[in-house]
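This report looks at side-chain interactions in one protein chain, taking charged pairs, aromatic pairs and nonpolar packing in turn.

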Amino acid sequence: MIPKSQWRSTCPIACTLDLLGDRWSLLVIRDLFCGKQYFDEFLTAPEKIATNILSARLAWLTQTGIVTRKPAANDKRRMCYQLTPRGQSLKPVVLSVAHWGVEHFPGTAMERGK
């Protein structure tokens, strides 16, 4: 959560953009909804996020309570990322953005089953 003292304003849109409005955060969240859990899996996205940016976004999303980070069950040296209930509550937002994009960007498509 971003402390109230760091909000730009009390506008809920501004606060949401402060949390998720960068170029990469919603794409990382999209990938989590699509089943990705490990750092190297996020790197396979077609948008080609740089490793330093991915590290920063995962840290930010963890710090703000959208994502959890814990050792993988099968390999304690590998970290597993998952959406928290707060992160899960973004699903309708992500789907709405995706549907809007399909409608307004001809040639785009959502993954099957989403």
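Is Asp31 buried or exposed? In this predicted model, Asp31 has a relative accessible area of 6% and is therefore buried, since the cut-off for that class is under 20%. Its salt-bridge partner Arg30, with the closest N and O atoms 2.9 Å apart, is partly exposed at 23% relative accessibility. The two residues also belong to a wider arrangement, for Arg30, Asp31, Lys36 and Glu47 are linked in a network of salt bridges.

**Salt bridges**

The count of salt bridges comes to seven, and the table gives three of these pairs with the N to O distance of each.

| Pair | N to O distance |
|---|---|
| Arg8 and Asp18 | 2.8 Å |
| Arg30 and Asp31 | 2.9 Å |
| Asp40 and Arg78 | 2.6 Å |

The bridge between Arg8 and Asp18 links distant parts of the chain, since Arg8 belongs to the segment before α1 while Asp18 lies in helix α1, 10 residues away. Arg8 counts as exposed at 59% relative accessibility, whereas Asp18, at 26%, counts as partly exposed.

Asp40 and Arg78 likewise join distant parts of the chain, with Asp40 in helix α3 and Arg78 in the loop between β1 (67-71) and β2, 38 residues apart. Asp40 is partly exposed with a relative accessible area of 42%, and Arg78 is partly exposed with 31%. Arg78 has a further partner, because its charged end sits over the ring of Tyr38, 3.9 Å from the ring centre.

**Aromatic pairs**

There are two aromatic pairs by the rule applied. In one of them, the ring centres of Phe42 and Tyr81 are 6.3 Å apart and the planes stand at 70°, so the pair is edge-to-face. Because Phe42 lies in helix α3 (residues 39-42) and Tyr81 in strand β2 (residues 79-83), this pair ties together parts that are 39 residues apart in sequence. Both Phe42 and Tyr81 are buried. The rings of Trp100 and Phe105, with centres 6.1 Å apart and planes at 65°, also form an edge-to-face pair, and here Phe105 is partly exposed at a relative accessible area of 46%.

**Nonpolar core**

The largest nonpolar core holds 19 residues, of which Val28, Ile29 and Ile66 touch the most other members. Two or more residues come from each of α1 (12-20), α2 (25-33), α4 (51-63) and β2, and α2 gives the most, with four. Beyond its neighbours within four places in sequence, Ile66 is in contact with residues including Leu19, Ile29, Leu61, Leu83 and Leu90.

Terms used
Residues numbered from 1 in each chain as written. Predicted model: local features only at pLDDT ≥ 70, side-chain atom pairs only at ≥ 80, totals over all residues. Heavy atoms only, no water. Phe/Tyr/Trp six-rings, centres within 6.5 Å; stacked < 30°, edge-to-face > 60°. Buried < 20%, exposed > 50% of the residue type's maximum accessible area, 1.4 Å probe, protein only. Lys NZ or Arg CZ within 6 Å of the ring centre and 35° of its normal. Core = buried A, V, L, I, M, F, W, Y, C linked by side-chain atoms within 4.5 Å. Contact = heavy atoms within 4.5 Å. Salt bridge = Lys/Arg side-chain N within 4 Å of Asp/Glu carboxyl O.
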